[in-house]
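Subject: Structure for you to look at, with notes

Dear colleague,

Here is the structure I promised to pass on, and my notes follow below it. Please read them with the structure open beside you.

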Amino acid sequence: MKTEEATNIGIITLGPKGILGNHPAPVPQLFHVVEGEGWVRDTDNRKLLIKKGEAVFWEQGEWHETGSDTGLTAVIIQAANLKKPD
């Protein structure tokens, strides 16, 4: 992968009943589940199910929360000029 700017790539693992509390995306962010399943809550307070192979894109400043009843692992990619995939 080649980027022209600082790009953060990380992996997050939530155990059973794990929650990553409500927070704003510091920059545009892609959250891609690579194992397990869980849910995300968006700015409209909708709780949406997400599973292995699915992703969600958060715009900069967009508040969101993630959790899982059974556990999940996700790759998070974030960068100032990251664009929402088509």
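Which residue in β4 is the bridge partner of Arg41? Arg41 is paired there with Lys47, and I begin with this pair since several of the notes below return to the two strands concerned. Please keep in mind throughout that this is a predicted model.

**The pairings of β3**

Strand β3 covers residues 29-41, and a loop links it to β4, residues 47-51. These two strands are antiparallel and are paired over five bridges, with Gly38 facing Ile50 of β4 as a further bridge partner. Towards β5, residues 55-58, β3 is again antiparallel and is joined by four bridges, and here Phe31 has Val56 as its partner. With β6, residues 63-68, the antiparallel pairing of β3 runs over three bridges, and Val40 is found opposite Thr66. Finally, seven bridges connect β3 with β7, residues 72-79, once more in the antiparallel sense, and in that pairing Gln29 has Gln78 opposite.

**The turn at Asn45**

The hairpin formed by β3 and β4 has five residues between its strands, and one of the residues to look at is Asn45, which adopts a positive phi near 65°. Is Asn45 buried or exposed? Its relative accessibility is 53%, and it therefore counts as exposed, since the cut-off for that class is over 50%. Asn45 and Trp63 are 18 residues apart along the chain, and the distance between their C-alpha atoms is 9.5 Å.

**The nonpolar core**

Twelve residues make up the largest nonpolar core, among them Phe31, Val33, Val40, Ile50, Val56 and Trp58. Strands β1 (7-14), β3, β5 and β7 each contribute at least two residues to this core. Val40, a member of the core, also touches a mixed set of residues, including Arg46, Lys47, Leu48, Glu65 and Thr66, when residues up to four places away in sequence are left out.

**His64 and its surroundings**

His64 belongs to strand β6. It has a relative accessible area of 2% and is therefore buried, as the cut-off for that class is under 20%. What does the side chain of His64 meet in a polar contact of 3.3 Å? The partner is the side chain of Gln29, the residue that stands opposite Gln78 in the pairing with β7. A polar atom of the His64 side chain also lies 3.0 Å from the backbone oxygen of Glu62. Setting aside neighbours within four places in sequence, the residues in contact with His64 include Gly21, Asn22, His23, Pro24 and Ala25, as well as Arg41 and Trp58.

**Rings and charges**

A search for aromatic pairs gave zero in this structure. There is, however, a charge placed over a ring, for the charged end of Lys47 sits over the ring of Trp39, 4.4 Å from the ring centre. This is the Lys47 that is the bridge partner of Arg41, and Lys47 is also among the residues touched by Val40.

With best wishes

Methods. Residues numbered from 1 in each chain as written. Predicted model: local features only at pLDDT ≥ 70, side-chain atom pairs only at ≥ 80, totals over all residues. Heavy atoms only, no water. Buried < 20%, exposed > 50% of the residue type's maximum accessible area, 1.4 Å probe, protein only. Pairing = 2+ DSSP bridges. Core = buried A, V, L, I, M, F, W, Y, C linked by side-chain atoms within 4.5 Å. Contact = heavy atoms within 4.5 Å. Polar contact = N/O pair within 3.5 Å; in protein donor to acceptor, adjacent residues only side chain to side chain. Phe/Tyr/Trp six-rings, centres within 6.5 Å; stacked < 30°, edge-to-face > 60°. Lys NZ or Arg CZ within 6 Å of the ring centre and 35° of its normal.
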